[in-house]
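The following paragraphs lead through a protein and its ligand. Please keep the structure in view while reading.

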Amino acid sequence: MPKFRAPRGTTDLLPEEQPYWDFVSQQVERLCRAYGYGRIEPPVLEDAALFERGVGAETDIVQKEMYTFQDKGGDLLALRPEGTASVCRAYLEHGMHSLPQPVRLYYLLPMFRYERPQAGRYRQFHQFGFEAIGEGDAALDAEVIDLSWQLYQAFGLRDLTLVLNSIGTPESRSRYHQALREHYRPHLERVCSDCRARFERAPLRLLDCKQDAALAEAAPRSLEHLDGESAHHFQQLRAYLDALGVPYTQDHRLVRGLDYYTRTVYEIQPSQEGSQSAIGAGGRYDGLIQELGGAPTPGVGFAGGVERIILNLKRQGREVGPGAAPRAFVASVGEEAKTAAVRITGELRRAGITALMGLGGRSLKAQLRQAGALGAPYAVIIGGDELAAGAATVRDLARGEQESVPLGGLREWLQARVGGPLS
Ligand code: HAM
């Protein structure tokens with residue numbers, strides 16, 4: 001057993017995983033730019049109070065899952081558990097209210113939550129997300145939902161459901177909370193102990209209780225308790241989503257575990273068995289900026305879990321293109337040939353061809369075995385004869401055929417067969 005292991009709930013992202021990460025981040029970057037979003041990268045650490053105010057002191061994230069610590073100067077800091085509060089803090093700190101509104105920002109960042117690790121749930125995980133701040137128009141909710149949906153289409157994921165709900169404003173919600181309490185009060189023995197504890201302060205969360213689905217199904221619905229403006233906003237949003245051709249399912253039981261949401265909430269869920277948890281979620285948060293000390297400023301956003309997306313890509317057998325397997329392996333025999341191999345490998349790399357060379361004075365046979373094990377399609381062999389002839393012997397490792405290629409034309413020869421730089 002090694003003496004040290006990565007902390008529980010964290011993983012090493014090894015080279016063989018990188019093609020998936022490159023693929024996801026390339027799609028995020030491409031589409032976010034196409035929708036006019038600019039990249040933001042807040043620090044990993046924030047004042048712990050930011051999340052208490054922003055995400056909510058009563059939420060599981062703040063109560064149970066934050067990595068909070070005092071630094072050597074005595075400040076109470078937290079590792080970021082989510083991106084929205086940080087982005088809103090940055091919006092305020094950098095006076096972005098004076099820019100044309102809404103301000104559109106996107107990110108791809110590690111997040112930290114002390115959760116019970118399992119497949120698709122980690123203590124360090126990554127989210128891509130986007131936030132559009134400074135506009136309350138339902139057409140902006142539609143834009144953010146459309147961007148999320150188009151991204152999952154670009155990933156090539158099948159069988160996804162976009163689940164949509166509206167939870168109104170804090171004022172209309174307090175009336176709804178009352179109705180929920182009246183519904184649940186005579187049946188509290190039918191919900192789990194966590195939910196019983198939440199009954200007074202967060203009755204919305206009881207809709208999410210897995211213990212008694214029938215009780216939740218029969219509960220009063222948030223849509224029936226919306227204020228007039230929220231109802232109109234939701235109606236407009238559905239019309240805009242229809243205009244965009246974004247499919248969605250309404251679910252009155254969709255509630256979110258973060259306190260900042262107002263009106264629109266939504267999740268993207270895989271329908272495959274064993275992957276029930278959301279692979280992305282978002283909504284509107286019209287009170288958050290004010291909660292953080294700014295003027296009343298609406299906002300709407302979304303975040304997707306990169307690990308969960310990759311898990312689903314793999315489950316669905318989605319190929320994402322070549323990784324960093326070498327396209328050519330330069331083998332050499334003798335010191336003079338090895339110097340030539342160093343030069344040739346460098347030239348191939350500078351031309352964008354992923355190339356490796358034999359090291360450590362191994363025999364030609366061992367070098368060729370290594371080239372095969374690494375998955376290189378071609379081995380470039382340099383020995384005394386090759387140096388004298390000014391031509392390499394290039395072996396097609398799959399076919400076992402070989403031919404002589406002049407050193408001056410080697411780069412073009414390989415480029416024609418294995419392509420240029422890998423994306
Ligand atoms: P969230 O639902 O807490 O929302 O997280 C969004 C997504 O992050 C989840 O749907 C899931 O895919 C992924 N995720 C969450 N926790 C974990 C974990 N422990 N391990 C792996 N993946 C995880 C938010 O964070 C909001 N900030 C979203 C948002 C942005 N709302 C408005 N703007």
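In arginine 256, a polar side-chain atom lies 2.7 Å from an oxygen atom of the ligand, a polar contact being a pair of N or O atoms within 3.5 Å. The model is predicted, so that local features need pLDDT of at least 70 and side-chain atom pairs count only at pLDDT 80 or more, while totals for chains, interfaces and linings use all residues. Residues are numbered from 1 along each chain as its sequence is written, and side-chain values use heavy atoms, with hydrogens and water left out.

Threonine 84 places a polar side-chain atom 2.9 Å from a nitrogen atom of the ligand. Tyrosine 260 likewise has a polar side-chain atom 2.9 Å from a ligand nitrogen atom. Of the 660 Å² that the ligand exposes when taken alone, the protein buries 96% (accessible areas by the Shrake-Rupley method with a 1.4 Å probe).

How many residues surround the ligand? There are 26, and the closest are Glu82, Glu115, Tyr122, Arg256 and Tyr261; a residue is counted if one of its heavy atoms lies within 4 Å.

Attention now turns to the protein interior. The largest nonpolar core has 41 residues; such a core is a set of buried Ala, Val, Leu, Ile, Met, Phe, Trp, Tyr and Cys residues joined through side-chain atoms within 4.5 Å, where buried means under 20% relative accessible area (1.4 Å probe, protein chains only). Helix α5 (residues 138–155) gives the largest share of this core, ten residues; helices are DSSP runs of H or I with at least four residues, numbered from the N terminus.

Definitions and conventions
A polar contact is a pair of N or O atoms within 3.5 Å; within protein, one must be able to donate a hydrogen and the other to accept it, and residues adjacent in sequence count only if both atoms are side-chain atoms. Buried means under 20% relative accessible area, exposed over 50%, partly exposed in between (1.4 Å probe, protein chains only). Helices (H or I, at least four residues) and strands (E, at least two) are DSSP runs, numbered from the N terminus.
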